[in-house]
Each structure stands twice: as C-alpha cells, then as structure tokens.
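Reader: I'd like to learn how to read a structure like this one, feature by feature. Could you walk me through it?

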Amino acid sequence: MTAGESGLIRVAVLGAGGLGRAACRIIGMKRELHLVAICDSKGVLVDPDGLDCEALACGGGDLVLSYPRRAHEAAGSGAEGGVATATALIARHAEDPLGELLEHSGDVDAWLVTLPNMPNAFIPGVVRRFVQARGGVVFVDVLKRTAAVEQMFALEDVAKASGSVVLTGCGATPGLLTAAAVLAAHSFIEVERVDIWWGVGVANWDAYKATIREDIAHVPGYSVERAKAMSEAEVEAFLEKTGGLLELHHMEHADDVLLQRVGVVQSPEQVEVGGVMDTRHAKKPVSTTMTLTGITFEGKRATHRFLLGDETTMAANVIGPALGYLKRGMWLKDHGIFGVFGSTEFLPMIVR
C-alpha cells in the first residue's frame with residue numbers, strides 16, 4: 001500500500017469533537033497509521049513528524065491552546081497561540097482552517113471526516129473543495145443522512161477525474177451494520193426487510209454535541225436547520241423534558257440507499273432504522289442489532305441477527321470501521337480504482 005516514506009498511512013482528521021478526539025486515540029494505537037493533522041472550526045495542528053494522539057484524545061476546549069507545548073519547546077519560535085515549534089509543527093488559529101489544511105495536504109495520504117454535517121450539503125462541499133484543489137486524495141466520512149450521502153455520490157465524476165477515492169457512510173449505521181447486512185443477505189434468495197435498532201449511551205451530552213444535534217433533527221417537528229439553530233440552553237431544555245433520552249423511529253439514514261445500491265433490497269421502504277440515545281449515562285439503553293429477514297432457496301423464511309456488544313461505545317463502532325474503510329480507500333487508490341463508493345460496496349480492511 002503506497003503511503004508516506006515510512007510506509008505509514010499519514011492521516012488527517014477533520015473535526016475535533018467527541019468522534020474526532022476518539023479517532024486520535026485509536027489512531028495512536030495503530031502501528032500502520034500516523035496522525036499528522038487535525039482541525040476544528042477555529043484552528044489547525046499540523047506536524048509531519050506526528051501529533052501526540054493521546055494528548056489530543058484527552059484534550060478539550062480550544063484545540064490550538066490545549067495542545068501540549070512540552071514536546072515542542074526544545075527550539076524554534078512561538079507559533080500563533082503560544083505554541084513553540086521544535087519541528088515542523090504548525091499550531092494556529094485560522095479563519096479558514098480547512099483552507100489552511102489544504103496548503104499542507106502534501107503531508108497527508110488520507111482524510112477522515114468527523115465534522116458535524118449541518119446542513120446536509122456541508123461535508124459534500126468540503127470533499128468537493130479538497131478533491132478539486134488537489135487530486136489523488138482518499139476521503140472517508142461517517143455521514144448518516146440519506147440526503148447527504150446522495151450528495152456525496154454526486155461527486156463521482158469529479159472524484160474519478162482527479163484520481164481520488166471517496167468512501168461515504170462508513171461509521172456504524174450506515175457502515176458497520178450496513179456491511180453486515182450485505183454479508184447476511186447471501187443466505188437468501190430474497191431479502192424482505194432489514195431492521196436496524198441502535199442504542200447509544202454517553203455520560204455527558206457535551207462530549208458529542210454535534211452528534212446529538214443531528215439526532216434531534218430526526219425528532220418529529222424538527223429539522224436539520226432547526227436543530228442547528230438551537231442554542232446549547234435550548235438543547236439542554238429539550239433533553240430535560242425527555243429525561244435525557246432520545247427515542248427515534250423511521251430515521252432518514254442512508255442505510256436504505258446504500259443497501260439498494262448493491263441490490264440487497266429493491267426499495268428504501270424495506271429498511272428501517274431507529275434507536276435510543278441516553279445523554280446522561282454511559283450504559284447503552286438498548287442493545288444495537290441488525291436484523292435481516294429473507295426467504296431461502298428452499299422457500300423458508302428466516303432471520304439473521306447481528307448483535308453489537310453492549311460494552312462497545314458509539315466511538316468504537318463508528319471510528320473503528322471508518323479507519324478500516326480508510327485503509328480500503330488507500331488500497332483502491334493503489335489499484336487505480338477511483339470514484340465515490342458506499343460502505344456496502346467493499347469490506348473495510350483490518351488496520352494493524
């Protein structure tokens with residue numbers, strides 16, 4: 001697999017919220033991955049020699065100011081934000097963090113997107129910008145909404161023309177559970193239904209603000225625009241009314257279009273996604289399952305059920321598969337296969 005000179009895949013993480021910080025921690029545990037850049041809405045950190053994954057995972061607040069200075073105070077002038085540089089570390093606040101990262105894209109092999117996607121066009125717009133500015137990129141996102149994933153597929157021509165690989169919907173649902181449905185479908189001549197029911201527990205909604213806002217947008221009477229416009233006080237008041245629980249049904253999740261795209265189902269109506277999020281306790285309120293019902297070649301109706309361990313967190317089930325798809329994206333690029341693909345079209349690879 002072609003990567004940096006060291007043979008490692010040099011990764012940039014776009015987004016430093018709960019999922020972005022978790023990605024840093026997991027990347028730090030993988031010997032095939034090398035974190036070289038991360039950004040949030042206000043600033044960027046770039047270091048071709050590698051960022052401190054554990055410090056980023058445990059950090060909070062301002063990405064630039066909270067990054068530890070100790071590892072970089074041996075020499076060099078102070079960067080904006082008071083961070084001294086001993087190597088090529090760049091730590092600065094920026095009006096356009098994504099534009100700042102684009103200037104250093106030559107140090108990056110693959111990009112993992114954990115940015116909040118509100119509105120639906122935001123992340124597709126980010127990917128288009130990077131693909132058009134610099135060809136030959138590998139992008140992986142953990143998008144959930146059908147409308148957003150459909151916009152990603154609209155980038156097919158520009159991705160192909162630039163020699164880029166984009167893998168979309170590569171988290172847990174869609175992603176891990178959707179890929180499991182593809183495997184389960186092979187036991188059947190006809191798939192009747194795919195039902196995904198997830199459970200997520202977070203001890204403090206502060207850690208996953210963007211994710212929770214995106215889920216509030218699925219509540220009847222709410223929309224992406226309304227959820228995005230809510231103040232933190234309004235979100236807290238909403239959660240107070242529900243006892244911290246969000247129970248969601250008939251979610252606009254892209255599992256449906258991704259499964260239809262590869263022929264597992266014939267209609268989006270055959271796929272149902274819902275779940276329960278507890279924003280006050282780490283324990284999952286319900287277990288996460290993918291249940292596929294179909295007819296075998298002998299004419300028997302049966303179900304396959306894929307159950308996630310209750311001890312696995314949302315971050316583990318989103319970021320782990322996403323990094324597996326990131327390695328798959330590098331494999332596709334190395335084999336000259338370019339374009340936009342969903343999580344149902346290839347298996348993620350194991351990242352050592």
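Reader: Let me start with a strand pairing: which residue in β2 is the bridge partner of Ile-9?

Author: Happy to help, and please keep in mind that this model is predicted. In general, the strands of a sheet pair through backbone hydrogen bonds, either parallel or antiparallel. Here, Ile-9 has Leu-33 as its bridge partner in β2. Strand β1 (residues 9-14) and strand β2 (residues 33-39) run parallel, and six bridges join them.

Reader: What is the order of the strands in the open sheet?

Author: The open sheet has eight strands in the order β6-β3-β2-β1-β7-β8-β9-β15, and the pairing is mixed. At the edges stand β6 (90-93) and β15 (339-342); each has a single partner strand, so one side of each is left without a neighbour in the sheet. From one strand to the next, the twist averages 20°.

Reader: Which strands does helix α1 lie across?

Author: Helix α1 (residues 18-28) lies across β1, β2 and β7 (110-113). Its direction is at about 160° to β2.

Reader: Let's move to burial. How many of the ten residues of helix α8 are buried?

Author: The idea is to ask how much of each residue's surface remains accessible; under 20% relative accessible area counts as buried. Helix α8 (residues 176-185) is mostly covered, with eight of its ten residues buried. These are Leu-177, Thr-178, Ala-179, Ala-180, Ala-181, Val-182, Ala-184 and Ala-185.

Reader: And what covers the buried residues of α8?

Author: The cover includes the strands β10 (190-201), β13 (289-295) and β14 (301-307), along with the helices α12 (255-261) and α13 (314-334).

Reader: Now the aromatics. How many aromatic pairs does the count come to?

Author: A pair of aromatic rings is described by the distance of the centres and the angle of the planes. The count here comes to five aromatic pairs. In one of them, the rings of Tyr-222 and Phe-238 have centres 5.3 Å apart and planes at 75°, so the pair is edge-to-face. This pair links distant parts of the chain, 16 residues apart: Tyr-222 sits in the loop between α9 (209-216) and α10 (224-229), and Phe-238 in helix α11 (residues 232-241).

Reader: Are Tyr-222 and Phe-238 buried or partly exposed?

Author: Tyr-222 is partly exposed, with a relative accessible area of 22%, while Phe-238 counts as buried at 12% relative accessibility. Another pair is formed by Phe-341 and Phe-346: their ring centres lie 5.3 Å apart with the planes at 85°, so this one is edge-to-face too. Phe-341 is buried, with a relative accessible area of 11%, whereas Phe-346 is partly exposed at 24%.

Reader: Which residues do ring pairs link into a cluster?

Author: Trp-111, Phe-130 and Phe-139 are linked that way.

Reader: Last, the chain as a whole. What radius of gyration does it have?

Author: A useful approach is to compare the radius with that of a compact globule. For 352 residues such a globule would have a radius of gyration near 20 Å, and the chain has 20 Å, which agrees. The C-alpha trace spans about 70 × 50 × 35 Å along its principal axes. The chain has 13 helices and 15 strands, and 55% of its residues count as buried. Among contacts with a separation of 6 or more, 72% come from residues 24 or more positions apart. The chain exposes about 15000 Å², of which carbon and sulfur atoms supply 52%.

Conventions:
Residues numbered from 1 in each chain as written. Predicted model: local features only at pLDDT ≥ 70, side-chain atom pairs only at ≥ 80, totals over all residues. Heavy atoms only, no water. Buried < 20%, exposed > 50% of the residue type's maximum accessible area, 1.4 Å probe, protein only. Helix = DSSP H or I, 4+ residues; strand = E, 2+ residues; numbered from the N terminus. Contact = heavy atoms within 4.5 Å. Pairing = 2+ DSSP bridges. Axes fitted to C-alpha atoms, helices over the stretch in contact; angles between N-to-C directions. Rg over C-alpha atoms; globule rule 2.2 N^0.38 Å. Areas by Shrake-Rupley, 256 points an atom, 1.4 Å probe, with all protein chains shown as cover. Phe/Tyr/Trp six-rings, centres within 6.5 Å; stacked < 30°, edge-to-face > 60°.
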